[in-house]
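Q: Please take a close look at one helix–helix contact in this model. I would like the geometry, the residues involved and the setting in the chain.

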Amino acid sequence: IVATQNLFDLPDYKRICCISFAGIFVNLGIAMKFLIYYLTSTEYKCAINRAFNRNNAVAQSRVVSRSA
């Protein structure tokens with residue numbers, strides 16, 4: 001985004017608005033990937049749970065590994 005801003009002849013205040021507006025969609029895309037992976041992948045869900053809540057995720061992964 002920043003590399004292509006010099007291609008357009010815009011005043012500084014409009015350029016800052018365009019960069020900020022584009023950044024919203026970039027961040028939204030990253031957040032959506034996280035949610036989709038979390039909701040569809042059990043392996044990804046276990047990894048995220050392990051990263052944020054170590055005790056419950058470790059206990060849950062032991063139960064899953066015993067049944068497999």
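A: The contact comes first, then one of its residues, then the chain and its cysteines.

This is a predicted model, where local features need pLDDT of at least 70, side-chain atom pairs count only at pLDDT 80 or more, and totals for chains, interfaces and linings use all residues. Numbering starts from 1 along each chain as its sequence is written, and side-chain values use heavy atoms, with hydrogens and water left out.

Two packed helices are described by the angle between their axes and the distance between the axes. Here the helices are α1, residues 12–40, and α2, residues 42–52. Helices are DSSP runs (H or I, at least four residues), as are strands (E, at least two), numbered from the N terminus. The two axes come within 5 Å and cross at roughly 110°. Axes are lines fitted to C-alpha atoms, for helices over the stretch in contact, and angles run from 0 to 180 degrees between N-to-C directions. The helices α1 and α2 are therefore roughly perpendicular to each other (65 to 115 degrees).

From α1, Phe-34, Tyr-37, Tyr-38 and Thr-40 take part. They meet Thr-42, Tyr-44, Lys-45, Ile-48 and Asn-49 of α2. Contact means heavy atoms within 4.5 Å. By class, these residues are five nonpolar, three polar and one charged. Phe, Tyr and Ile count as nonpolar, Lys as charged, and Thr and Asn fall under polar.

Asn-49 sits in helix α2. Asn-49 is partly exposed, at 23% relative accessible area. Buried is under 20%, exposed over 50%, partly exposed in between (1.4 Å probe, protein chains only). The C-alpha atoms of Asn-49 and Tyr-38 are 9.8 Å apart, with the residues 11 apart along the chain.

Now the chain. Its secondary structure is three helices and zero strands. Of its 68 residues, 6% count as buried.

Disulfides number zero; one would need a pair of cysteine sulfur atoms within 2.5 Å. Cys-17 is exposed at 52%, and Cys-46 is partly exposed at 23%.

Methods:
Angles under 35 degrees count as roughly parallel, over 145 as roughly antiparallel, 65 to 115 as roughly perpendicular and the rest as oblique.
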